[in-house]
Amino acid sequence: MKNKIKHLFSIYLCCIAFSTTLGQEISESIKREFEKEVKTSGLYLYGEGVANTKKEADKLAKSALLSEINKEILNHPEWQFAKKIEIKDVEYLTESIDLPRGNKIRALAYIKKNNIHATFSQNTPEVKLTDKKEEKTSTNKNTDKESNINDKATYAAEKEEESQSYLEDKEKQRLDSLNSTLENKTLEGATLLETIVKSKTIPEIRKIFDVNKMKITYGRMETIVDTNNAYIIVYKNSGEVVAILDTGATNERKDLISGEILTNDTHQDNLRIWFQIF
């Protein structure tokens with residue numbers, strides 16, 4: 001596929017040079033074929049725009065492309081910790097089209113996905129969230145009653161800290177168990193689905209996908225083909241998984257995490273990807 005795109009693009013560039021030299025038009029069939037590869041190969045992100053001038057059309061296409069790039073960035077929750085994200089080599093295709101209200105210019109702005117790079121600092125710290133604990137102080141001399149209140153507050157704070165530590169330990173045990181399950185071996189059928197459903201974040205699920213890549217296919221919702229047999233993962237911008245919808249042909253699907261029946265409109269403000277198990 002990559003060689004085919006490279007070959008078509010080389011022909012396309014040659015045609016541009018030939019047109020510039022001899023004043024001939026670019027072969028429409030080659031141009032259409034290359035545009036088809038950009039839209040269907042999965043190796044590019046693209047946006048389109050139609051306007052009265054090339055400059056306006058390019059601007060609209062670039063804006064639409066930027067929207068697609070933002071969606072791609074959201075598919076990589078770990079990028080939120082990047083020092084910077086570089087996007088290189090945006091390219092354009094333009095053509096004149098006939099519309100009932102006159103001629104317009106249509107522009108296609110596109111970029112290879114591997115031209116989007118996240119740069120991380122070597123000293124990027126581990127992110128850990130803790131609540132601020134307020135210290136109880138008194139401006140007057142402590143009475144027995146005030147001392148008793150402070151003792152109770154201190155006890156409650158200690159219990160809260162112990163509870164938080166317990167939850168963190170349980171989460172660490174869960175992640176250690178997941179890594180142990182995935183280490184150097186793949187999973188089968190129901191066990192594979194059960195492991196995915198127990199995962200809490202998209203990075204955890206992507207790790208499962210990578211280890212079991214011969215048995216799983218997945219992608220963004222725009223690329224879904226077999227809707228009835230695909231599971232759907234619903235997750236927040238932070239990467240936290242909020243629902244995993246079962247397969248099915250109806251508008252209502254069972255959430256494999258909560259057991260509730262949800263519609264397509266539920267969690268509509270969150271992100272989604274699909275996957276299939278073979």
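**View 1. Phe275 and its ring partner Phe209.** In this predicted model, Phe275 has a relative accessible area of 0%, so it counts as buried. Phe209 is buried too, at 1% relative accessibility. Their rings make a tilted aromatic pair, with 5.5 Å between the centres and 45° between the planes. Phe209 sits in helix α6 and Phe275 in strand β11, so this pair ties together parts that lie 66 residues apart in sequence.

**View 2. A cluster of rings.** Zoom out a bit, and ring pairs join Phe209, Tyr218, Tyr231 and Phe275 into a cluster. Take Phe209 and Tyr218: they form a tilted pair, 4.5 Å centre to centre, with 35° between the planes. Tyr218 is partly exposed, because its relative accessible area is 33% and the partly exposed range runs between 20% and 50%.

**View 3. The largest nonpolar core.** This core holds 17 residues, and Ile196, Phe209, Ile233, Ile244 and Phe275 have the most contacts inside it. Helices α5 and α6 and strands β7, β8 and β11 each give it two or more residues. Pick out Ile196: setting aside neighbours within four places in sequence, its contacts include Ile205, Phe209, Ile244 and Phe275.

**View 4. Asn212, tucked into a loop.** Look for Asn212 in the loop between α6 and β6. Is Asn212 buried or exposed? Asn212 counts as buried, because its relative accessibility is 0%. A polar atom of its side chain lies 2.9 Å from the backbone oxygen of Ile208. Asn212 and Ile277 are 65 residues apart in sequence, yet their C-alpha atoms are 9.4 Å apart in space.

Terms used:
Residues numbered from 1 in each chain as written. Predicted model: local features only at pLDDT ≥ 70, side-chain atom pairs only at ≥ 80, totals over all residues. Heavy atoms only, no water. Core = buried A, V, L, I, M, F, W, Y, C linked by side-chain atoms within 4.5 Å. Buried < 20%, exposed > 50% of the residue type's maximum accessible area, 1.4 Å probe, protein only. Helix = DSSP H or I, 4+ residues; strand = E, 2+ residues; numbered from the N terminus. Contact = heavy atoms within 4.5 Å. Polar contact = N/O pair within 3.5 Å; in protein donor to acceptor, adjacent residues only side chain to side chain. Phe/Tyr/Trp six-rings, centres within 6.5 Å; stacked < 30°, edge-to-face > 60°.
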